[in-house]
Amino acid sequence: QYCIRGVLNSVESGVAYILPVVEGSALLEEFKLADTKDLRTRTQAILDRITQYQHVSGGFGYWPDALPDAYVTAYTLDVCERARQAGFTVPTASLKKAANWLENAFNKNQLHAYTYSTYESDITHAYAVYVLMTYGKHMTASFNTLYAKRNSLSVPALAYMLKAAHQSKRSDAFKQALA
């Protein structure tokens, strides 16, 4: 309900709210299933306020003034890139700063809001690699590190790695090994 009224109670809930609008509004309009003008207006309002959740270091936190979180930052970057592709205005400079933070988020000295288990860290790292590749970052070292331990990665981590392999135009052998 908070997002429906245009008020964000967390960046994750705001991004989760706008994703269906970003992904589905063109389809609804094309088949004249709904007037999406109001939804698009509310989505843009959330995108306009998303920087309120950005930590000074660049990553996004769950709430304003919270420490940044790698998953929340990757998710925010992912949805914002999809929104940009769908014709919404996104805070480009802010997202560039977030991508730079996320690129280094798995270093030991980086501040985080949450301590991940190995399982969670691998999934989040694989997701981050994929998302950062959509922002044009060459994540070769991180991709190779995760690829080397592919036999111990969870299915979600492997799925993100497969998406990253496709995004970076890796050979079919890489993709087959991940699949």
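**Loops, a surface patch and a pocket**

Lys32 sits in the loop between helix 1 and helix 2, helices being DSSP runs of H or I with at least four residues, numbered from the N terminus. The model is a predicted one, where local features need pLDDT of at least 70, side-chain atom pairs count only at pLDDT 80 or more, and totals for chains, interfaces and linings use all residues. Residues are numbered from 1 along each chain as its sequence is written, and side-chain values use heavy atoms, with hydrogens and water left out.

Although Lys32 isn't a glycine, its phi is positive, about 50°. Most residues other than glycine have a negative phi. Lys32 counts as exposed at 74% relative accessibility (exposed is over 50% relative accessible area, with a 1.4 Å probe and protein chains only). Lys169 also has a positive phi, near 60°. Lys169 lies in the loop between helix 7 (155-167) and helix 8 (172-178), and it is exposed too, at 70% relative accessible area.

Back in the loop between helix 1 (11-30) and helix 2 (37-49) is Phe31, exposed with a relative accessible area of 52%. Phe31 joins Leu27 and Leu33 in a nonpolar surface patch, with about 340 Å² of accessible area together. Such a patch takes residues with over 30% relative accessible area and no salt bridge, nonpolar side chains (Val, Leu, Ile, Met, Phe, Trp, Tyr) being joined within 5 Å; a salt bridge puts a side-chain nitrogen of Lys or Arg within 4 Å of a carboxyl oxygen of Asp or Glu. Accessible areas come from the Shrake-Rupley method with a 1.4 Å probe.

Technical notes
Patch = residues over 30% accessible without salt bridge, like charges linked within 9 Å, V, L, I, M, F, W, Y side chains within 5 Å. Helix = DSSP H or I, 4+ residues; strand = E, 2+ residues; numbered from the N terminus. Buried < 20%, exposed > 50% of the residue type's maximum accessible area, 1.4 Å probe, protein only.
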